[in-house]
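The following exchange concerns a single protein model. Please consult the sequence and coordinates while reading it.

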Amino acid sequence: MELSITRSTMNKRRPCAEAVRSARAAGFRHVELSAEKWRTALEQDRHLLRLLNAEDLSPWHAGWNLRLSWDTARWARTITGAPAAMDLTAGLGARSGTLVLPHVDDTGAPVPGPAEVEDRIGAVADLAAGRGLNVCVEYMGLRPTDPPENGVRTLPGTLDVLARVGRSNVGVLIDSYHWHLSGSPGLSQIPPAMPLWVHFNDAPAGIAPEQLRDEHRVLPGEGVIDLPRLLAELDAWGWTGPVSVEVKHPDLHALPAVDAARIAYRATYDVLDRAGHAPTGVR
C-alpha cells in the first residue's frame with residue numbers, strides 16, 4: 001500500500017514547494033495539496049515539475065478550493081474557478097478531489113439545505129467527470145453532543161446523500177479519525193468500485209470523544225483507533241490505492257517540514273507493516 005501525506009501534516013509556514021520536496025525525501029510517492037497550493041509550489045520552484053515527471057511523484061488526490069458550506073452567492077462566484085483548478089491537478093496526475101459535507105457554515109449559521117448541497121456535489125462531479133476526475137465526499141464524524149439534524153456526520157448518511165446525487169464518479173473519503181468518532185462502521189456497505197480516498201491518523205487516549213478536535217490527532221500507531229481493523233476493512237473492500245497521513249498536530253508543525261514528513265512516514269510504515277501492507281521503497 002503506497003503512502004501519501006497532506007501538507008497540513010508538515011509545517012504549514014514553510015513554502016509549498018518545500019513541502020513537496022520534503023515529502024519525497026521522506027519516501028512518500030504522493031503529496032496532497034489543494035490546487036491553489038500546487039500552483040504556488042510550481043511558482044516557487046521552477047524545477048518542481050521536472051521532479052514530478054521524473055520520480056513518479058504525484059498528488060493522486062487534490063482539493064479544488066471549494067466548500068459546500070459557503071452561502072449561495074459565494075458558491076456561485078467561486079465554482080467558476082473550479083475548471084482551471086481541476087485542469088491543473090489532473091495535469092499533475094491527480095485522480096480525485098475532496099468535498100466536505102457541512103454541518104455549519106464558517107460563521108456557525110445553518111448549512112445550505114440538503115437539496116442544495118446535493119446539487120452542488122452533482123455540479124462539481126459533472127465538471128470533474130469531464131476531466132477524468134472523481135469526487136470523494138468526506139463526513140466529519142458524529143460526537144455525542146451533536147444533534148442529528150446538524151448535518152450528515154455518519155457513513156450511512158453520507159452514502160444516502162451520494163445515492164441521491166447519482167453520479168458514478170462520486171464516492172466517499174474515509175478519515176480514520178472521523179471513522180472512529182462515528183463508531184468505526186464496516187466498510188462493506190460502500191458500493192463496490194465506488195471512488196474512495198483514505199486519510200490516516202490516530203486519536204489519543206484519555207480524551208472523551210466529544211472533546212476531540214483536529215489538533216488532538218496523533219501519528220498512526222500512537223493512539224486508540226483500531227487501525228489494523230480499518231486496514232483489513234479497506235483490503236476486504238478492495239482498496240489498492242494509498243493512505244494519506246493527515247495529522248494536524250502542533251508538535252509536528254514545530255519541526256522542519258522534512259523532519260515532520262520523515263516521522264510521519266516511519267510511524268505509518270510501521271502500522272502498515274504490522275498489518276501486512278508495508279509500502280515498497282524508502283523506509
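The questions below address strands, a helix, loops and aromatic side chains in turn.

User: On what basis are residues numbered and features accepted in this model?
Analyst: The model is predicted, and local features need pLDDT of at least 70, side-chain atom pairs count only at pLDDT 80 or more, while totals for chains, interfaces and linings use all residues. Residues are numbered from 1 along each chain as its sequence is written, and side-chain values use heavy atoms, with hydrogens and water left out.

User: Which residues of strand β1 point one way, and which the other way?
Analyst: Helices (H or I, at least four residues) and strands (E, at least two) are DSSP runs, numbered from the N terminus. In a regular strand the side chains alternate between the two faces of the sheet. In β1 (residues 3-6), all of these residues are buried (under 20% relative accessible area; exposed is over 50%, partly exposed in between, with a 1.4 Å probe and protein chains only). One way point Leu3 and Ile5, and the other way Ser4 and Thr6.

User: Which residue of β7 stands opposite Ile5?
Analyst: Strands pair if DSSP finds at least two bridges between them. β1 and β7 (residues 243-245) are parallel and share three bridges. The residue opposite Ile5 is Val245.

User: Which residue of β2 stands opposite Thr6, and what handedness has the unit that β1, α1 and β2 make?
Analyst: β2 (residues 30-32) runs parallel to β1, and three bridges join the two. Opposite Thr6 stands Glu32. A crossover is right-handed if, with the strands pointing away from the viewer, the path from the first strand over the helix to the second runs clockwise. With α1 (residues 16-26) as its helix, this β-α-β unit is right-handed.

User: Why do the buried residues of α2 lie on the same side, and what arc do they cover?
Analyst: In α2 (residues 35-44), the buried residues are Ala35, Trp38 and Ala41. They lie on the same side of α2 because the arc they cover around the axis, taken from the directions from the helix axis to the C-beta atoms, is only 115 degrees.

User: Which residues does Ser58 touch?
Analyst: Ser58 is found in the loop between α3 and α4 (72-78). With a relative accessible area of 13%, Ser58 is buried. Contact means heavy atoms within 4.5 Å. Not counting residues up to four places away in sequence, the residues touched by Ser58 are Arg29, His30, Val31, Leu52, Leu92 and Gly93.

User: What are the phi values of Asn65 and Ser184?
Analyst: Most residues other than glycine have a negative phi, and most peptide bonds are trans. Asn65, in the loop between α3 and α4, is partly exposed at 29% relative accessibility, whereas Ser184, in the loop between α8 (176-181) and β6 (196-200), is buried at 16%. Phi is positive in each: near 60 degrees for Asn65 and about 50 degrees for Ser184.

User: How far apart in space are Arg67 and Arg120?
Analyst: Arg67 lies in the loop between α3 and α4 and is partly exposed, at 46% relative accessible area. Arg67 and Arg120 are 53 residues apart in sequence, and their C-alpha to C-alpha distance is 9.7 Å.

User: How far from the ring centre of Trp60 is the charged end of Arg95?
Analyst: A charge sits over a ring if NZ of Lys or CZ of Arg is within 6 Å of the ring centre and within 35 degrees of the ring normal. The charged end of Arg95 sits over the ring of Trp60, and its distance from the centre is 3.6 Å.
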